Amino acid sequence: MDIIELDSLNAYYGDKKILNNINMKIKKNKITAIIGPSGCGKSTLLSVLNRMLEENGGSTRGNIAFKGKDISSYDKEEIRKKIGIVFQKPTPFPMSIYKNLTYAPIYYGTRDKKKLEEIVQDKLKVSGLFEEVKQDLGMSALKLSGGQQQRLCIARALTVDPEVLLLDEPCSALDIKNTAHIEEMLLRLSQEYTIIIVTHNLSQAKRISDYTAFILDGELIEYDETEKIFNNPEDNRTKEYIEGIYG
Ligand SMILES: Nc1ncnc2c1ncn2[C@@H]1O[C@H](COP(=O)(O)OP(=O)(O)OP(=O)(O)O)[C@@H](O)[C@H]1O
């Protein structure tokens, strides 16, 4: 099933066209990787999906549907809940681990202490952090390592039960071990969530994604099963990119 559909999508910053006529269907509960050289429009594409582009001063033309309904017909807050985003640099709130994870549920009205504790435990478990931090949930999240902070940020994004998780180069500031932790986590999460990940790391796209989209200069050059993109791309530009000729 397709959870997101882009139909003739164009995205602009001012008069400058950043994305050109993108047609794309994102499969539910799969991992889709977005690859392409620096500046080609990958982050812009993510920001279109949760309507952040408008806030950054951009605009779009064309259609974006989430679960068959135009994205602009949803309340903006509802979209942010359903489509979470995690950025390259871990951004824990300067408060305890516990408060990082209860912040959004409390904002959305959960008051029951037991329920909040359940959310904290559950999300720490899916993020693989529980064993590492369970002794001291009152500790400042800023004292965690970079990799732990990033896992916490993913766990935090999950506390409002999104359906889609957007990740913008979530591992680029992390070492191999922490990257492996995040990748394992994403593979686990893809059973329950739709994941769209922007990555510069082609081996990462190959390792974890089901589908890969290759973007060049704002155009979607090729979008297919990851195995096909990496083993037998249709377009010569895709082939050149994955062979490391440019980007
Ligand atoms: N807030 C903004 N205002 C104006 N132009 C912007 C803004 N954000 C991005 N751009 C421009 O949009 C184009 C695409 O940028 P984007 O960040 O989407 O690319 P990217 O593929 O994610 O790059 P990278 O891999 O380097 O992160 C670039 O030319 C960039 O300068």
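Which helix supplies the largest share of the shell around the ligand? Helix 1, at residues 42-49, does so with 3 residues.

**View 1. The whole chain in the predicted model.** The mean pLDDT of the chain is 95, and 99% of its residues reach 70 or more. The model scores are ipTM 0.95 and pTM 0.95. The unreviewed UniProt entry places the feature "domain: ABC transporter" at residues 4-242. Over residues 4-242, helix makes up 40% of the chain and strand 27%. The C-alpha atoms at the two ends of this range are 26 Å apart.

**View 2. The shell around the ligand.** Tyr 13, Ile 18, Gly 36 and Ser 38 belong to the residues that surround the ligand. Gly 39, Cys 40, Gly 41, Lys 42, Ser 43 and Thr 44 are also in this shell, as are Asn 56 and Gly 57. By class, the shell holds 8 polar residues, 3 nonpolar residues and 1 charged residue. Helix 1 gives the largest share, 3 residues.

**View 3. Strand 8 and the burial of its residues.** Strand 8 covers residues 194-198 and is mostly covered, with 5 of its 5 residues buried. In a regular strand, side chains alternate between the two faces of the sheet. Thr 194, Ile 196 and Val 198 point one way from strand 8, while Ile 195 and Ile 197 point the other way. The residues on both sides are all buried.

**View 4. The partners of strand 8.** Strand 3, at residues 31-35, runs parallel to strand 8 and is joined to it by 4 bridges. In this pairing Ile 34 stands opposite Val 198. Strand 7, at residues 164-168, is also parallel to strand 8, and 5 bridges join the two. Here Asp 168 is the residue opposite Val 198. From strand 7 the chain passes through helix 8, residues 176-189, to reach strand 8, and this β-α-β crossover is right-handed.

**View 5. An open antiparallel sheet of 4 strands.** The strands are arranged in the order 2-1-4-5, and their pairing is antiparallel. Strand 2 (16-27) and strand 5 (69-70) each have a single partner strand and stand at the edges, so one side of each is left without a neighbour in the sheet. Within the sheet, strand 1 (residues 2-13) pairs with strand 4 (residues 58-66) over 8 bridges in the antiparallel sense. Asp 7 stands opposite Asn 63 of strand 4.

Note on methods. Residues are numbered from 1 along each chain as its sequence is written. This is a predicted model: local features need pLDDT of at least 70, side-chain atom pairs count only at pLDDT 80 or more; totals for chains, interfaces and linings use all residues. UniProt positions are given in the numbering used here, feature names are shortened, and annotations may be inferred rather than shown by experiment. pLDDT is the predictor's confidence in each residue, from 0 to 100. A residue is near a molecule or strand if its C-beta atom, placed from the backbone, lies within 6 Å of it. Ala, Val, Leu, Ile, Met, Phe, Trp, Tyr, Cys and Pro count as nonpolar, Asp, Glu, Lys and Arg as charged, and the others, Gly among them, as polar. A residue is buried if 20 or more other C-beta atoms lie within 10 Å of its own, exposed if 12 or fewer, and partly exposed in between; C-beta atoms are placed from the backbone. Two strands pair if DSSP finds at least two bridges between them. A crossover is right-handed if, with the strands pointing away from the viewer, the path from the first strand over the helix to the second runs clockwise.
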